[in-house]
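Student: Can you walk me through this one? I'd like to start with how the chains meet.

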Amino acid sequence: MEVLRIATSGSVDDGKSTLIGRLLYDTNSIPQDKMEALHAASKRKGLDFTDLSLLTDGLVAEREQGITIDVAHIYFSTPTRKYIIADTPGHIEYTRNMVTGASNAQVSLILIDARKGIVEQTHRHFFIASLLRIPYLVVCVNKMDLVDYSEARFNQIVEDFQQLLASASYKAQEVKFIPISSLYGENVATRTGSINWYQGPTLLDYLEQVSFDQEDSRHPARFPIQSVIRPRTTEYHDFRGFAGKVASGHFNVGDEIISLPSGQKSRIKTIEQFEKQLPAAHARESVVITLEDEIDSSRGNMLVKTDNIPEQRKEITANICWMDQQKLVAGKTYLLQHGINRVKAKVQQINFVIDVTSYQHIEGKNDMGLNDIGSITLKTAQPVFADLYAENPANGAFILIDEFNNTTVAVGTLI
Amino acid sequence: MTHQINWEFPQALEDEAIYILRETAAQFEKPVLLFSGGKDSITLVRLAQKAFYPGKVPFPLLHVDTGHNFPETIEFRDWLVNTLGLDLIVRNVQDSIDQGKVQEETGKYASRNALQTVTLLDAIEEGKFDACIGGARRDEEKARAKERIFSVRDEFGQWNAKMQRPELFDILNGKINIGENVRVFPISNWTELDVWNYIRREKLEIPSIYFAHERDIIERDGLYWPYSTYLNTTADEVPFRQKVRFRTVGDMTCTAAVLSEADKLEDIIAEIMEAKISERGARIDDKRSEAAMEKRKQAGYF
């Protein structure tokens, strides 16, 4: 069964939580006791309808303020797919959470209030989806019930959004526009008959047919070593296996590999998954690889195929999103974690900060604050075996860690 | 709309969990796996076995024994540890009570569920464990939906929802300050059905209380409570014999039974899919208030 990961974004009141509640409700994913709790909570708030948004607005502070403040994960499944929704906030001050939620998504779901059209947050969300190269973008024009299900209004919003698309750097995204009403369930999982002029799929129908992972076979083979397994038992006395998760591409038994950074070559002897021996390992599979020869490799090293070797970089230029209260300062040293490999990295310079609503580059900045997105150049103490994010996203991203308080302060993608 | 049961386990979830366990073993000095004897921690043990095979599981299991466990759970725990050759540490809530660190609750709703937090935190401090691997899932409860995979706790075991580290892509930052520790949740993205399908696929043994069996129960607040010497009952609560099973393994004082005839794993899964109440709905301790779970988490509850 396939797992499809979706990130939802939207502004404060455009009905994101209601939409998710609606998806769960219409796929029969809400157990009766939760449904009863929902009725009761809605009643307590003096509402005369069941507020489906209360299902996902999890934290006490959020329930009080009626807003979503962190990434919440919601699960539902259909007979063919398991869905994971990362519900991320739309406020400007929580951009970092939005980036967090979007970083694992194959589908980005942007909500637009039909009455308001494109707002500043729409730009921000679209920019992040595009920056992270999320392959599918679904634009749900919500609250159609409040604009009398007007086709003209919907078309106007689509047209406005097309202009946004024209300005994007990432063109490979598939974009789908759907007019919906989450409150009444129109075009979410079913049709209620209020929008006759729209012939396209409902949101759920669309999600069910989205195909993904087809790019994987094109990506180069990358295997970051998490640990070396050496049992030293009687039965496995000479066993020496490299445990890890294939980051991208695939490996076959017999493939010639090179270990980075040592440059030593060998061939894959076995690919193992617990007691099973596999002929191949594909992207995102956790396996143990054994080699024909004894080579010197350890955690943080990377096995790659000899036909496509990543550049060993000590200077990195990247787009980053700054995620900490303390500002990024040019000249400061951080820990850079690329996949599982950690190296020291010094910020050489801030190239520019991007205004995410006008897409203008602002140069000459000496620092970056919380939620700023921009380009920086870093120098690393040891080489990093990364690919450009546009060429191989799974091996082209990193985080920065503050050396003193150990918190994650930024995420970056190689450009 | 009735559910069609999908018996297929999404393999991506196992790959992700194994990756997380390997990161935990590599990034921390003294990880420990919190074991309750329930299906989620049994799943964790299987994942750990697979993650390091043919090597040994590189961390011990820690069981906080409230003293109110189902005897079947303890029996199962010891069998599992012996069969797989794992290291097990047991710490008892009774000791915390005897040391005067916690006080036994009174009244008919008395349970030791809240008390075990103190025993757990003491055990973490004593063992100098910097990473505690747990079987919590985000689908269980609203507050858990926001939990990170590596969730940093302060010295007092407290979780601060607003101060969580962002987790990007599959990159896990396990660096912590002195005194802090991390709760690790490898099966965060699994649902209850995923866990059951995994147990089925892997042919794992589980404690017998998950299957329908005859037991003395009482009815209270519309729920079926297992009758035991630990449960404070009132005069009008008369135990009666009933065929039931349990959907989660907790204490005998705070885990409700469901009426069931399901004695095979497939029947259990089918029953869950048709179930009218969600899993934690059978945990009496969560019902105390809407924000019960979040409050307990702030206090260091697992």
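**Chain contacts and sheet**

Tutor: In this predicted model, 47 residues of chain B are in contact with 50 residues of chain A. Contact means C-beta atoms, placed from the backbone, within 7 Å. Local features need pLDDT of at least 70, side-chain atom pairs count only at 80 or more, and totals for chains, interfaces and linings use all residues. Residues are numbered from 1 along each chain as its sequence is written, with chains lettered from A and ligands numbered from 1 in the order written.

Student: Which element gives the largest share of the side of chain B that touches chain A?

Tutor: α1(B), with 8 residues. Helices are DSSP runs of H or I, at least four residues, and strands are runs of E, at least two, numbered from the N terminus.

Student: How many residues of each class are on that side of chain B?

Tutor: 21 nonpolar, 11 polar and 15 charged. Ala, Val, Leu, Ile, Met, Phe, Trp, Tyr, Cys and Pro count as nonpolar, Asp, Glu, Lys and Arg as charged, the others, Gly among them, as polar.

Student: New topic. What is the strand order in the open sheet of chain B?

Tutor: β3-β2-β1-β4-β6-β5, with mixed pairing. Pairing takes at least two DSSP bridges between two strands.

Student: Why is one side of β3 and of β5 left without a neighbour?

Tutor: Both β3 (88-92) and β5 (150-153) of chain B are at the edges with a single partner strand each, so one side stays free of a neighbour in the sheet.

Student: How does β5(B) run against β6?

Tutor: Antiparallel, joined by 4 bridges to β6 (residues 181-184) of chain B. B:Phe150 sits opposite B:Val184 in β6(B).

Conventions
Two residues are in contact if their C-beta atoms, placed from the backbone, lie within 7 Å.
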